[in-house]
Amino acid sequence: MTVSVENEKVVLRGACTAEEAEALLQHLLTMNEPVVDWRGCDAAHGAVVQLLLNLPPEKLEGPPRGRFLREFVAPALEAAARTRAFLARP
Amino acid sequence: MNEFLEQFVAEGRDLVEQATGDLLGLERNPADSALLDGVFRAFHTLKGGAAIVDFHAMERVVHAAEDALSRIRGGEQILTAETVGDCLSCLDQIVQWFDHIEAHDALPLDAHRAANTLAARFTFAIVAHPEQIGEAVWFSDREDFPQARTSIRYHPEARTFIDGEDPIAAFEKLPGLLRLYLAAPVSDGLADYDSFSCVLQIGALSSASAAEVEAFCAGLRGRYQIEEVLGASSAGLDERAKAILEAQIQLLAERGEGAANRVVSAARVASNVLRAIGRTDDAARVDQARTSGDDDSDHLTRLLRSVIEGEAAAPAPSAALEAARVVRVDVDRIESLVKLTGELTVARNAIDHVAKLLRDPATQRDATSLLGQQATDLSRLVDRLQKSVLALRVVPMRQVFQRFPRLVREMAAALEKPTRLEMEGEATEADKAVVEVLFEPLLHVLRNALDHGVEPSADRIAAGKPALATIALRAAREGDRVVVEVQDDGRGVELDRVRRVAAERGIVAADALGAMGDEDVMDLIFAPGFSTAEQISAVSGRGVGMDVVRSAIEKLGGRVRLHSQPKQGTLVRFELPFTVMMTQIMTIEVGGQAFGIPLESVIETVRVPRKKIAGIGAARAFVLRDRTVPILALAEELGVSAAKSSAPEATILVLSINGAVAALEVDGLGERIDVMLKPLDGLLAGTPGVSGTTLLGDGRVLIVLEPAGLMR
């Protein structure tokens, strides 16, 4: 199991596959103010990353362990979140 | 050009023509699936051809258009006027590329840039919607990556996840990956989120070349766009940002209710975009325009326009400016030249024979008559040779007409005057030099027809005309001339207004105006400084008038006339020589020198007793059949010393210049000859009063004068 809930947080570990996006979605839907910890994540499928795009940056605990995720995907998620926050301002 | 390429271009031009016709038909009747099929097939065939001849940029553009058309056929997308416009722009670009290919055997070096911009119109159709802004701000930090050479935008297919592919992980293998960008449409909460549907938009900056990146992207499923990154110093507005700003300008241009709201909303979007890409100064100016409280959409439009245009990169050298130096020649025409060469050889041998006969006193008599016959044969052959050579430079009018359907459509849309362009006689041939020069004058006349001729729809309906205006563009061969006409069914030229404007602008003295006939008044439209447009509009009226049209046509040895029926429309008629090379001239003598005058401007030659020439102020004139004709002494005009005017009669050349009659006094008249006129070039190019030079039989250079220039 690479997607699990521990201490009120969704924890991503190892390589998260496309199928696990659905599990992650269910957790995000059922939890109040969900927080995702992906520090132990080595790889995440695009379907998982797409879902993470919907998360405010402060709800995502990183950086992830995988080099590609850390160097490229995480900064892209941050920049996207900044843009979204910027556009959402009154 | 190799045979393959030649065939590709020839077939391509036909396909473009067919597709243009179908697209325009489709715009009138969007439900006509046969037309849609026709357009699709044309694009499909063009794409295949471009792939075979390895024109990748062209292939990419056509492919993008074909995809869009295919989505429309499949009902996934609806056909909008915008898509029709984009397809027409695409065809227009292809025609320009064809011209370039004919001249250089290859696409222009910057073709991929144009291709990207065009392809993006289909692939990344802009919706001025906040969701799209996420993508608009990508690459704004590219200055942090000085080694960046290429940018990529990629929209994977929605079923990518289901098919077990990972579009993001794929980018790990992108050569030279420097930076990744991600976006997805913003959703309100996750209640409706579908984790199996891929809505990702992925961007990347790479240090690899466009070619390497292209090779990588070829393995991707979905739509992608590759662009070369401009140097940091010339980094302009991102295309996305620019497109969104353009969309705001369009929004502002809409009329009707809610103008104030549109200004507020356009300003907010524009300011957001500008801030997001770090252009805070510009954003502040936009905010100011918004908060100043006035709903002046023009002000904001100008502001946005300046932001966009301030960024316009140095204009790329226009392919249209490089006159094509290559002509495609039909093989039959070359065959006929080869045959002629054979006949000329025979004629030369016959002359050798005559020369032999001449050496023998016994056969000299026969030789003389034979020589006469040979001369006749030879002159017939030279005549044919001349015609054949001129025919090599002949091209169909289609080459210049082809671009007008789109341009007229765009102008009509800009002016909100629905108009149909009917073209006739595109196959009419004329000298390449003539056809090439026609584009600008015709564009100008078409613009005028739309702007000043065609009435707004409401006025047309009130006048009992169909709301849809018709402009006809026709070409036909008439004898040794080619006639091109532009006819509209608009309001016609109002002579009273022409009179008023001519008087206001001091083109003709008010009292002279009263004496002028209607036709002469109509002709004033061609006078320098005349423009009836009461306000400068976006389409015409940029200060270039019909005088420029007339001078361009006259330079070719042609004529322009304008006929107009009040309330029924205007006809502008260009009469052009079939070829610009052959000119009939008359030689004249002044101050011991010979000059040529184009015969077509000579009405007659007369001898006038000197006492019949009256001085009027500093000028002179004489009466010819109850008409006063002004006389210019050519010697004075040219600054050569005149022969002693002791003769009791003056030799006068009566000329027609733009419909007016004037006379030139010369010392003597020569002969009429057909010459190949060579235009002046180098330092002498554009010398007023001289249209060119030609060589006389005895080797002297003859300067051929241009009467209109002399009289100015």
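This report describes the contact between two chains and then several local features within them. The model is predicted.

**The interface**

Chain A and chain B meet in a contact that takes 27 residues from chain A and 34 residues from chain B. Together they bury about 2400 Å². Carbon and sulfur atoms give 69% of that area. Between chain A and chain B there are 0 salt bridges. Polar contacts do occur: 8 residue pairs across the interface meet the rule, with both residues at pLDDT 80 or more.

Three elements of chain A give two or more residues each to the side that touches chain B: α1 (19-30), α2 (46-52) and α3 (67-88). Of these, α3(A) gives the most, with 12 residues. Sorted by class, this side of chain A has 19 nonpolar, 5 polar and 3 charged residues.

**A covered strand in chain B**

Strand β2 of chain B spans residues 177-183 and is mostly covered. Of its 7 residues, 7 are buried. Its partner is strand β3 of chain B, residues 201-206. β2(B) and β3(B) run in the antiparallel sense and are joined over 6 bridges. One bridge links B:Leu177 to B:Ser206, which belongs to β3(B).

After β3 of chain B comes a loop that leads to α8 (210-217), and B:Ser209 lies in that loop. B:Ser209 counts as buried because its relative accessibility is 16%, and the cut-off for buried is under 20%. Leaving aside neighbours within four places in sequence, B:Ser209 is in contact with B:Arg149 and B:Thr150.

**A buried residue in a helix**

B:Ile553 sits in helix α22 of chain B, which covers residues 546-555. Its relative accessibility is 0%, so B:Ile553 counts as buried. B:Ile553 and B:Leu438 are 115 residues apart in sequence. In space, their C-alpha atoms are 7.9 Å apart. B:Leu438 is also one of the contacts of B:Ile553, once neighbours within four places in sequence are left aside. Other residues in contact with B:Ile553 include B:Pro441, B:Gly558, B:Arg559 and B:Val560. B:Phe574, B:Glu575 and B:Leu576 are on that list too.

**Backbone details**

Two residues have a positive phi although neither is a glycine: A:Glu8 and B:Arg625. The table sets out their values.

| Residue | Phi | Relative accessibility |
|---|---|---|
| A:Glu8 | near 65° | 68% |
| B:Arg625 | about 45° | 62% |

Where in its chain is A:Glu8 placed? A:Glu8 is in the loop between β1 (3-6) and β2 (9-16) of chain A. B:Arg625 is in a loop of chain B, between β16 (619-624) and β17 (627-633). Are these residues buried or exposed? A:Glu8 counts as exposed because its relative accessibility is 68%. B:Arg625 counts as exposed as well, at 62%. The cut-off for exposed is over 50%.

Chain A also has a cis peptide bond, from A:Gly62 to A:Pro63. Its omega is near -5°. A:Pro63 lies in the loop between β4 (60-61) and α3 of chain A. That α3 is the element that gives the most to the side of chain A touching chain B.

Definitions and conventions: Residues numbered from 1 in each chain as written. Chains lettered and ligands numbered in written order. Predicted model: local features only at pLDDT ≥ 70, side-chain atom pairs only at ≥ 80, totals over all residues. Heavy atoms only, no water. Contact = heavy atoms within 4.5 Å. Buried area = accessible area lost by both parts, 1.4 Å probe. Salt bridge = Lys/Arg side-chain N within 4 Å of Asp/Glu carboxyl O. Polar contact = N/O pair within 3.5 Å; in protein donor to acceptor, adjacent residues only side chain to side chain. Helix = DSSP H or I, 4+ residues; strand = E, 2+ residues; numbered from the N terminus. Nonpolar A, V, L, I, M, F, W, Y, C, P; charged D, E, K, R; others polar. Buried < 20%, exposed > 50% of the residue type's maximum accessible area, 1.4 Å probe, protein only. Pairing = 2+ DSSP bridges.
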